Amino acid sequence: MMEYILTGVLAYLIGSIPSGLILGKLFWHTDLREHGSHNIGATNAWRTLGKVPGIIIFIADSFKGQAGVLLGGMLVGTPFAAVIGGLFAIIGHSFSLFLRFRGGKGVATSLGVLTMLMGNVTFIVFVLWFTIVYMTRYVSLGSVVAGFLTPILAALFSYPMEYIVFSVIAAILVIVRHRENIKRLMNGTENKI
């Protein structure tokens with residue numbers, strides 16, 4: 001039991017590292033919290049700093065999710081531990097200990113977890129997300145749709161119940177974190193990239 005608790009705590013701390021804030025200040029001398037949507041995630045970095053910084057921050061945030069899964073694998077070695085590590089990395093990213101429990105929306109970190117747990121689901125949701133964003137220019141719409149479909153795909157591919165439950169929780173987190181975006185999408189006032 002202690003190994004699971006340790007996995008959760010360490011993964012949360014890894015997820016809490018504010019990649020966008022650190023990289024933005026270090027390389028582009030910009031505090032993302034003071035620009036655009038005031039979010040430290042990849043979408044605001046893309047809009048504020050440009051494509052390359054946005055991609056770099058997206059990758060950094062996804063690495064945190066991967067690190068959480070690896071941590072669970074190293075410390076305990078069960079599917080449940082991998083899920084705990086990934087989930088707490090997402091929670092850390094979204095509610096960072098270092099940012100007064102504020103943070104990003106969890107999309108890149110969730111994708112990082114998915115790459116470690118369910119490769120084929122990752123590929124499908126990424127292609128779907130990319131297609132929606134490319135056609136509509138709404139990152140939030142792609143993220144919400146991809147999040148919603150992830151647990152359905154996990155079930156269709158008969159992944160272990162731990163992975164399906166994880167994908168449900170992660171989808172809820174991503175969708176809840178996008179609630180203001182959803183309102184703006186419905187009102188026709190959402191920002192495009």
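**Ser 62 and the cores of a helical chain**

Colleague: Happy to look at this with you! Where is the place of Ser 62?

Modeller: This is a predicted model, in which local features need pLDDT of at least 70, side-chain atom pairs count only at pLDDT 80 or more, and totals for chains, interfaces and linings use all residues. Residues are numbered from 1 along each chain as its sequence is written, and side-chain values use heavy atoms, with hydrogens and water left out. Helices are DSSP runs of H or I with at least four residues, strands are E runs of at least two, and both are numbered from the N terminus. The place of Ser 62 is in helix 4, residues 51-75.

Colleague: Thanks! Does Ser 62 count as buried or exposed?

Modeller: With a 1.4 Å probe and protein chains only, buried means under 20% relative accessible area, exposed means over 50%, and partly exposed lies in between. Ser 62 has 11% relative accessibility, so this residue counts as buried.

Colleague: Which residues does Ser 62 touch, not counting those up to four places away in sequence?

Modeller: Contact here means heavy atoms within 4.5 Å. Gly 106 is 44 residues from Ser 62 along the chain, and their C-alpha atoms are separated by 9.0 Å. The residues that Ser 62 touches are Ala 108, Thr 109 and Gly 112.

Colleague: Nice. Which helix gives the most to the largest nonpolar core?

Modeller: A nonpolar core is a set of buried Ala, Val, Leu, Ile, Met, Phe, Trp, Tyr and Cys residues joined through side-chain atoms within 4.5 Å. The largest one has 24 residues, and Leu 117, Met 118, Val 125 and Phe 166 have the most contacts inside it. Helices 5 (79-94), 6 (107-117), 7 (119-136), 8 (139-156) and 9 (161-177) each supply at least two of its residues. The top contributor, with five residues, is helix 9.

Colleague: And how many residues are in the other core, apart from that one?

Modeller: That separate core has Leu 23, Leu 32, Ile 57 and Ala 60 among its members. Its residue count is six.

Colleague: One more, on the whole fold: what is the radius of gyration of the chain?

Modeller: The chain has 10 helices and zero strands. The radius is taken over C-alpha atoms, and the globule rule is 2.2 Å times the number of residues to the power 0.38. For 193 residues that rule gives 16 Å, and the chain comes close to it, so it is as compact as a globular protein of that length, with a radius of gyration of 16 Å.
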